[in-house]
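The exercises below are to be worked through with the sequence and the coordinates at hand. Each task is followed by a solution that goes step by step.

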Amino acid sequence: MATVKKRTENALKLCGGADKTYRNQLVKTAKSLLKMNNVLILSHRAPDGDTLGCAFALCRGMRSLGKNAAVKCADAIPEKYSFMSEGMEEQTFEPAHFVTVDIAGAHLLGSIADEYEKKIEVCIDHHFRNSIEAPVKFVDTDAAATAEVIWLLLCAMGVEMNKEIASCLFAAISTDTGCFKYSNVKPRTHLIAVELMKYDVDCAKINFKLLDEVSMAQLQLKKQALDTLEYCCDNQCAIVTVTSEMIESTGASPEDLDGISNIPRSIAGVECGVTMRQINDGWKISVRSSEKLNASDLCGKFGGGGHKAAAGCKFGENYEDAKKQLVEAISKILK
């Protein structure tokens, strides 16, 4: 127990020490997880590196303690994340406890929301607007990725780190920070990454696979998206559009849509990049912004949310009306 306590203290020091309230919440959450067995760890729909990295790292950690644990997601897990579950045997058990990772709202569970929304016992997250109702919540909005919180919890739970767990957590942090280049990165982000790299994590391979490698379909989709590029708000805002027809014509898969949202914001002089993607019931909006505009606040006006520099929301089927509302809201902020 002393070793676990020492490890936890060392981990907290990397995170700036943390106040008493934070420490108490860490210990409370770790104790809650340690009491559980037959645990189902839930990730959000359209899964990304953070939610999956957290889920599989926690799952591996709990299994290492002799517990039954599994990961569940409403949507198919993209092939590029398959290394996270490599070598894990399927466990057959009746779930008794339910944990969410990197999920800001129960609706983000997707098609399994109705089944699990009322069963969530532990919620671990880093989003500003977290609306999940759970007896135990550990939401650290200072964390660049939820994986930073999972790393702390695994330390507090006495889980022995290994290459597989460290690889999951490194991938989660890297993807949620754009390989450590987003404004959400703090000193602790790098320090935790250093700790993970001590376990022979193949960082170069992970970063290339998750952030650089593109399929031919994705490249073609990006080309078509660029053809829709338009500017507004004195060229401080750039908008690209991805229609269902474009996705169908290129044969793009859901994971091929990754990276499209970063295109408009990458243009010099653009403070707010908007991607409007057509979905079954309307338009999914992804916003990437500079410090001049809080993306989470902007999307919050339309029922969405996220982070200061990256957020999203949804609109109905009227494309022109959706774009008009967005541009008006952005224009007011940038002026």
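**Exercise 1.** Is Arg188 buried or exposed? Find its salt-bridge partner and place both residues in the chain.

*Solution.* The model is a predicted one, and local features are taken from it only where pLDDT is at least 70. Arg188 has a relative accessible area of 9%, and because buried means under 20%, Arg188 counts as buried. Its partner is Glu148, and the closest N and O atoms of the salt bridge are 2.7 Å apart. The pair links distant parts of the chain, since Glu148 lies in helix H5 (residues 146–157) and Arg188 in helix H7 (residues 187–197), 40 residues apart. Glu148 is buried as well, with a relative accessibility of 0%.

**Exercise 2.** Which helices are linked by the salt bridge of Arg23 and Glu9, and how accessible are the two residues?

*Solution.* Start with the contact itself: the side chains of Arg23 and Glu9 meet at 2.8 Å, N to O. Next, assign the residues, which puts Arg23 in helix H2 (residues 20–34) and Glu9 in helix H1 (residues 2–14), with their positions 14 residues apart in the numbering. Finally, consider accessibility: Arg23 has a relative accessible area of 25% and is partly exposed, while Glu9, at 28%, is partly exposed too.

**Exercise 3.** Which residues are linked with Lys209 in a network of salt bridges? Describe the bridge between Lys209 and Glu213.

*Solution.* The network consists of Glu79, Lys209 and Glu213. Within it, Glu213 and Lys209 have their closest N and O atoms 3.4 Å apart; this satisfies the 4 Å cut-off for a salt bridge. Glu213 is partly exposed, with a relative accessible area of 40%, and Lys209 is also partly exposed, at 27%. A search of the whole structure gives 13 salt bridges.

**Exercise 4.** What is the strand order of the open sheet of six strands? Identify its edges and the helix H12 that packs on the sheet.

*Solution.* The order is E6-E7-E8-E9-E11-E10, and the pairing is mixed. Strands E6 (230–232) and E10 (305–306) each have a single partner strand, so they stand at the edges, with one side of each left without a neighbour in the sheet. E6 runs antiparallel to strand E7 (residues 237–242), and three bridges join the two; Cys232 has Cys237, in E7, as its bridge partner. Helix H12 (residues 319–334) packs on the sheet, touching several strands, among them E6, E7 and E8 (272–279), and its direction makes about 160 degrees with that of E8.

Notes: Residues numbered from 1 in each chain as written. Predicted model: local features only at pLDDT ≥ 70, side-chain atom pairs only at ≥ 80, totals over all residues. Heavy atoms only, no water. Helix = DSSP H or I, 4+ residues; strand = E, 2+ residues; numbered from the N terminus. Buried < 20%, exposed > 50% of the residue type's maximum accessible area, 1.4 Å probe, protein only. Pairing = 2+ DSSP bridges. Contact = heavy atoms within 4.5 Å. Axes fitted to C-alpha atoms, helices over the stretch in contact; angles between N-to-C directions.
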